[in-house]
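Open the model in your viewer and keep the selection box at hand. Each stop below gives you something to select and tells you what is there.

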Amino acid sequence: MKSLFGGNTEFFNGKEWIKIKDYKKHDKVLTYGLDGYAKLQTPTKFIKEKIEYINKLSMGRLDMYLSDEALFIGKTRSNVENHTFTLKELYMSNMSLLTHCHLYNTFQYEDSNSLLSTSKLRVMANCIIIGNIDNSSNCTVIKNKSDANEYRYLLKTSKIKYTSKKSNDKEIFKHRLPRSIDLLLDNMLNFNRVEANVIMDEIHKISNGRKILIKDNRFIDFMQMIYTLGGKRCIVNNNNISISNKCTTRIGNVESIKNNIIEEKFQYSFIVQNEYIVVRNNGVINIMGAYRKI
């Protein structure tokens, strides 16, 4: 099964998203198991094949360059789990698959646990969404007078030392981030679904239903991973993140599937033990089949 991708498709190596064409030996790849859990694996083989053409699949913000045998996995309208089909089967069926298939794009990570208390998780959410964090992991959070007591309680419960200064109807808190930036960003996967939902709940309170804008672009990928681990579909667009309560993508919004001659003459994939990999295209995460030996 030659499930192959255009060179700009990204894979996650445990620390960051990397274009598949830039894969280096010994890089790990985030793979997906049929139990709904993802894990990092070293690929058995990296695949790079010459092509004459490649298919472009357009679905809203999701533009994917794929081989005919690119393998999708999702569930049907009647909730049949782990339903698979290829891109070729999709367009050979005259799009009839569109009416009933939803692609997987969330997962849980095996053995994930940040060991942070609930209050520390909530403090961290405040720091990332409305705080200013320097390179030494010092954070400044400004709260309205009505919210200051609640935030002070979180800091005390977390046993985080802080200083505060009142200014008109605001209060300025200064303290350390509950976990250093480097440790946080190097271990994006180490949050289980319960912890991810605590962070998401606090962000919902902070944003009050408004669009979520990440002030510090260092945390864009981190927040997308938190929502993905929490079972929410999350799309990155510059410094904005768009959240959907659904954990799948309905492919009924396909705009086109067409053959494209592109400058790149290669397409890529991996052979991995789990047989499915987590990929990202244009800020959208999806689960796709890896390359399989026939």
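The tour goes from loops and helices to a sheet, then to rings and single contacts.

**Before you start**

This is a predicted model: local features need pLDDT of at least 70, side-chain atom pairs count only at pLDDT 80 or more, and totals for chains, interfaces and linings use all residues. Residues are numbered from 1 along each chain as its sequence is written, and side-chain values use heavy atoms, with hydrogens and water left out.

Helices (H or I, at least four residues) and strands (E, at least two) are DSSP runs, numbered from the N terminus. Buried means under 20% relative accessible area, exposed over 50%, and partly exposed in between (1.4 Å probe, protein chains only).

**Stop 1: helix 5**

Select residues 193–207. This is helix 5, with 15 residues. The expected span of a helix is 1.5 Å times one less than its number of residues. Helix 5 should therefore span 21 Å, and its end C-alpha atoms are indeed 21 Å apart.

Look at the start of the helix. A side-chain oxygen of Asn192 comes within 3.1 Å of the backbone nitrogen of Val194. That fits the polar contact rule: a pair of N or O atoms within 3.5 Å; within protein, one must be able to donate a hydrogen and the other to accept it, and residues adjacent in sequence count only if both atoms are side-chain atoms.

Now colour the buried residues of helix 5. They include Val198, Ile199, Ile203 and Ile206, and also Glu195 and Glu202. What do they pack against? Their partners are helix 2, helix 3, strand 16 and helix 6. Contact here means heavy atoms within 4.5 Å.

Step past the end of the helix to Asn208. Its phi is positive, near 55°.

**Stop 2: helix 6**

Select residues 220–229, which form helix 6. Nine of its ten residues are buried. Among them are Phe222, Met223, Met225 and Tyr227. Just after the helix, Gly231 has a positive phi of about 90°.

**Stop 3: Ile128 in helix 2**

Keep helix 6 on screen and add Ile128, in helix 2. Ile128 counts as buried because its relative accessibility is 3%. Show its contacts, leaving aside neighbours within four places in sequence: Ile133, Leu184, Phe219, Phe222 and Met223. Phe222 and Met223 are also on the list of buried residues in helix 6.

Then measure across to Val141 in your viewer. The C-alpha atoms of Ile128 and Val141 are 9.5 Å apart, with the two positions 13 residues apart in sequence numbering.

**Stop 4: two loops with positive phi**

Most residues other than glycine have a negative phi, and most peptide bonds are trans. Here are two residues to check against that.

Select Leu115, in the loop between strand 11 (108–109) and helix 2 (118–130). Its phi is near 65°. Is Leu115 buried or exposed? Leu115 counts as exposed, because its relative accessibility is 71%.

Next, select Ser137, in the loop between strand 12 (132–133) and strand 13 (138–144). Ser137 has a positive phi of about 70°. Ser137 counts as buried, at 4% relative accessibility.

**Stop 5: Ser158**

Move to Ser158, in the loop between helix 3 (145–157) and strand 14 (162–167). Ser158 is buried, at 4% relative accessibility. Its side chain makes a polar contact of 3.0 Å with the side chain of Ser119. Not counting residues up to four places away in sequence, Ser158 touches Ser119, Lys120 and Val123.

**Stop 6: a three-stranded sheet**

Select strands 16, 17 and 18. They form an open antiparallel sheet in the order 16-18-17. Strand 16 (212–213) and strand 17 (233–237) are the edges, each pairing on one side only. Two strands pair if DSSP finds at least two bridges between them. Strand 16 and strand 18 (residues 240–244) are joined by two bridges. Zoom in on Ile212: its bridge partner in strand 18 is Ile241.

**Stop 7: charges over rings**

A charge sits over a ring if NZ of Lys or CZ of Arg is within 6 Å of the ring centre and within 35 degrees of the ring normal. Select Lys48 and Phe266: Lys48 lies over the ring face, 4.5 Å from the centre. Then select Arg292 and Tyr276, where the charged end sits 5.0 Å from the ring centre.

**Last stop: Asn55**

Finish in strand 6 (residues 54–59), at Asn55. Asn55 is buried, with a relative accessible area of 1%. Its side chain meets that of Asp68 in a polar contact of 2.7 Å.
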